[in-house]
Amino acid sequence: MKINKHNFKKDAKDSNETKEQKVKLIPYTMNRDNLRVKSKAYPYGINMIDAPNMWKASYRGQGIKVAIIDTGCDVNHVSLKDNIAGVRNFTPEDNKDPNVVIDRVGHGTHVAGIVAANGKVDSVIGAAPEAELYILKALDRTGSGKSSWVINAVNYAVDLKVDVISMSLGMPEKDNKLERAIKNAIKNNILVVCAAGNEGDGDYDDFEYSYPAAYVDVIAVGAVDKKAVPAPFSNANLVIDCVAPGVDIISTYPNNRFASLSGTSMAAPYVSGTVALLKNWSRDVFQRELTESELYAQLIKYTKTLQYPRTIQGNGLIYLKQR
């Protein structure tokens, strides 16, 4: 579906103003579950974006607050528990107990590990292994939820004064209330990173849009494989910002397990972790706190152009080689 870019940016008050929409996990693929991690090598995605090259200069993301709005998390996972700084449940599950964020899907736990698995007991490590994770559960055991749950989670993240919001979820239509919540987060100097969506058909001139990634104010992330080839499922459109590894990604999974999943859901948290690193790095380099737009500009500087149309890669592959 091709959309006029001018009309696409309009924030008209329409039927989506009051309509309660259903939000779902962006469809993803389970490749392998219950993996035994024997290799001492880092997951390929960590090396592909060259995260270790930035760890010393960024203090491995220490002190940076990343809110993950997803299906919850296994907060007792050995590779995550030391990094979880707070939780909040926005779904009706577990009698609406705000302090229970059990992940009955596995998706949220996997995303959390890509951002900040600590690597203390195995080789599975996140992009920002010392970042602080705030687990905001806005999707239930079915992998779905209401737009109001996501909006409440975004607003809560603003109240927490987090540095980054990471969302790997989507819906086919825009929701003006969610867009305003996201704009408010950005106004409060929070970078919002979203998975671009997995409705791609391999045609880079045939555009697919998934919200909230399609809002022009967020960082929309597409997926590539270990050879930096765009994943066939990754959405192509006019608002892709960058791409990151998203095929056969090994990360944390409930019950102290590890699993390999594929999707733009996996690519987005690589960028969320990258932003956490750049936030610390920039404080030292510029000796001040960069604004959201300034930090976004730094993120774009740390990309590598691929030999594909901009509609599938945006500014290119995240690549943290020191300049």
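## Helices, a cavity and aromatic pairs

Helix α5 (residues 147-160) has 14 residues, and from its first C-alpha to its last it reaches 20 Å, close to the 20 Å expected at 1.5 Å a residue. The model described here is a predicted one. Within α5, the buried residues are Ser 147, Trp 149, Val 150, Ile 151, Ala 153, Val 154, Ala 157 and Val 158. Just after this helix, Lys 161 takes a positive phi of about 60°.

In helix α8 (residues 292-301), burial applies to Glu 292, Leu 295, Gln 298, Leu 299 and Ile 300. The buried residues of α8 pack against two helices, α6 (176-187) and α7 (264-286), and against the strands β9 (191-195), β10 (219-224), β14 (303-304) and β15 (317-318).

The structure holds two cavities of 30 Å³ or more, and the second largest cavity contains about 30 Å³ of space. Its lining is made up of Pro 43, Ile 46, Gly 113, Ile 114, Ile 125, Gly 126, Ile 250, Ser 251 and Tyr 270. Helix α4 (107-116) and strand β12 (249-253) each supply at least two residues of this lining. By class, the lining of the second largest cavity comprises six nonpolar and three polar residues, with no charged residue.

Turning to the aromatic side chains, a search of the whole structure finds six aromatic pairs. Two of them are set out below, each with its centre distance and the angle between the ring planes.

| Aromatic pair | Centre to centre | Angle between planes | Geometry |
|---|---|---|---|
| Tyr 42 and Trp 55 | 5.5 Å | 75° | edge-to-face |
| Tyr 204 and Tyr 308 | 6.5 Å | 85° | edge-to-face |

The pair of Tyr 42 and Trp 55 links distant parts of the chain, with Tyr 42 in the loop between β2 (29-32) and α2 (44-48) and Trp 55 in helix α3 (residues 52-58), 13 residues apart. Tyr 42 has a relative accessible area of 34% and is therefore partly exposed, whereas Trp 55, at 6% relative accessibility, counts as buried because this value is under 20%.

The pair of Tyr 204 and Tyr 308 also links distant parts of the chain, since Tyr 204 lies in the loop between β9 and β10 and Tyr 308 in the loop between β14 and α9 (310-313), 104 residues apart. Tyr 204 is partly exposed, with a relative accessible area of 21%, and Tyr 308 is likewise partly exposed, with a relative accessible area of 30%.

Finally, Trp 281, Phe 286 and Tyr 302 form one aromatic cluster.

Definitions and conventions. Residues numbered from 1 in each chain as written. Predicted model: local features only at pLDDT ≥ 70, side-chain atom pairs only at ≥ 80, totals over all residues. Heavy atoms only, no water. 1 Å grid on protein atoms, 1.4 Å probe; cavity = no way out; pocket = protein on both sides within 12 Å on 5 of 7 lines; lining within 4 Å. Points joined across faces, edges and corners; volume = space filled by probe spheres on them. Helix = DSSP H or I, 4+ residues; strand = E, 2+ residues; numbered from the N terminus. Nonpolar A, V, L, I, M, F, W, Y, C, P; charged D, E, K, R; others polar. Buried < 20%, exposed > 50% of the residue type's maximum accessible area, 1.4 Å probe, protein only. Contact = heavy atoms within 4.5 Å. Expected span 1.5 Å × (residues − 1). Phe/Tyr/Trp six-rings, centres within 6.5 Å; stacked < 30°, edge-to-face > 60°.
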